[in-house]
Amino acid sequence: MIKFGVIGTGWIAEEFVKGTQLIDGLEFSAVYSRSKEKGEKFASPFGGAEIFDNIDDFAHSNIDAVYIASPNSLHYSQSKLMLENGKHVLCEKPITVTPNEFTELLTLAKSKKLVYMEAIMYLHLPARKVLLDALKKAGKITTAHFDFSQLSSKYAALKRGELPNIFNPEFATGCLMDLGIYCIYPALEIFGEPQNIIASSGFLSTGADGFGTAIFDYSDKQVTLTYSKVGQDRCGSMICGDEGTIILPSVSKLTEMKFINKDGTEEALSPDLEKPVLMSYEAANFLKYIECGAESEEYEYFNRITQNVNIVMEKIRKMCKIEFKC
């Protein structure tokens with residue numbers, strides 16, 4: 001049984017712990033929060049866990065692994081501290097702010113024979129393989145559009161003059177880092193590195209990017225990425241080939257996908273699933289890699305994709321002049 005702890009007490013951490021309860025082999029044992037009261041409130045529904053409000057004490061505890069769901073600006077330092085203290089790390093996206101930070105920590109993890117990976121649902125969902133298989137039926141693909149536009153629950157607070165973390169450049173956040181990353185993952189895995197990237201961003205009063213667009217230009221196709229935290233998408237994403245079209249209502253969850261043949265007939269590809277179920281797959285792979293010694297080809301492959309995504313994210317940030325104050 002692998003004992004794991006959680007850094008962060010937000011909704012995503014709660015859904016992750018629920019996901020771990022759907023698989024065998026992971027035991028929720030500790031939580032770190034700057035507020036002991038928040039830590040206790042978080043742990044209570046799960047039968048309790050040891051509560052820490054000192055991160056060094058947390059790092060030296062007897063847990064084997066850590067799931068990090070803190071603000072982006074803290075991912076590097078917290079991951080490094082956990083790895084230095086012999087903990088396997090599953091860190092929420094973006095795993096680090098820069099590709100150099102990721103390379104450094106991946107090297108550290110390898111030197112200690114630890115697992116270090118990004119908690120990005122796309123890579124670990126069974127529906128990903130269904131999607132990749134469906135591409136073979138689509139024929140010659142010349143256009144694709146990946147969109148993740150979701151009106152933020154924090155946007156109303158921003159309009160009231162408040163400064164939620166997600167719109168605060170001090171935390172290395174913003175739309176590209178929060179939602180755009182979900183579009184970049186399938187674009188790069190399916191189509192590879194583009195020959196050219198054209199990108200632009202729209203900025204909010206805080207200096208954070210609130211929406212953006214990127215075009216990935218290839219010799220035989222164009223892939224468009226759109227993402228927004230200040231508007232709600234109702235159409236989803238699609239990959240268009242001369243033999244059929246793949247519809248992706250959610251590029252992050254890959255739920256309720258369908259294939260539409262060129263004659264208009266439809267085929268369902270994936271069901272709808274609840275969030276804990278979706279997150280259970282990344283938890284299961286995290287456990288699998290821990291148990292197999294972090295040497296599987298799949299683990300290495302996923303980390304190469306993560307690095308490529310990180311590199312492209314940095315290119316887009318520089319192109320769009322997205323700057324952080326952390």
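This short talk walks through the core, one helix, a buried lysine, the cysteines and the cavities of the structure above.

Please keep in mind that this is a predicted model, in which local features need pLDDT of at least 70 and side-chain atom pairs count only at pLDDT 80 or more, while totals for chains, interfaces and linings use all residues. Residues are numbered from 1 along each chain as its sequence is written, and side-chain values use heavy atoms, with hydrogens and water left out.

Let me start with the core. The largest nonpolar core, meaning buried Ala, Val, Leu, Ile, Met, Phe, Trp, Tyr and Cys residues joined through side-chain atoms within 4.5 Å, has 106 residues; buried here is under 20% relative accessible area, exposed is over 50%, and partly exposed is in between, with a 1.4 Å probe and protein chains only. Helix 9 (residues 175-191) gives the most to this core, with 13 residues, where helices are DSSP runs of H or I with at least four residues and strands are runs of E with at least two, numbered from the N terminus. Phe-146 is among the residues with the most contacts inside the core, and its contacts, that is heavy atoms within 4.5 Å, include Cys-183, Ile-190, Val-223 and Ile-239.

Turning to helix 5 (residues 99-111), its buried residues, among them Phe-102, Leu-105 and Leu-106, pack against helix 4 (75-84), strand 6 (116-119) and helix 11 (297-320). Just after helix 5, Lys-113 takes a positive phi of about 55°.

Where does Lys-229 lie? Lys-229 is in the loop between strand 10 (222-228) and strand 11 (237-241), and with 5% relative accessibility it counts as buried. Its contacts, leaving aside residues up to four places away in sequence, include Gln-150, Phe-167, Cys-175 and Asp-178.

As for the cysteines, the structure holds 0 disulfides, a disulfide being a pair of cysteine sulfur atoms within 2.5 Å. The sulfur of Cys-235 is 13 Å from the closest cysteine sulfur, that of Cys-240, which is too far for a bond. Cys-320 is in no disulfide either, the nearest cysteine sulfur, in Cys-175, being 11 Å away. Cys-235 is exposed at 66% relative accessible area, whereas Cys-320 is buried at 8%.

Finally, the largest cavity holds about 60 Å³ of space, and helix 11 gives the most to its lining, with 5 residues. Residues of that lining include Pro-94, Glu-118, Met-177, Asn-310 and Arg-317. A cavity is a set of points, on a 1 Å grid over the protein atoms alone, where a 1.4 Å probe fits but cannot get out, and lining residues have an atom within 4 Å of a point.

Technical notes. 1 Å grid on protein atoms, 1.4 Å probe; cavity = no way out; pocket = protein on both sides within 12 Å on 5 of 7 lines; lining within 4 Å. Points joined across faces, edges and corners; volume = space filled by probe spheres on them.
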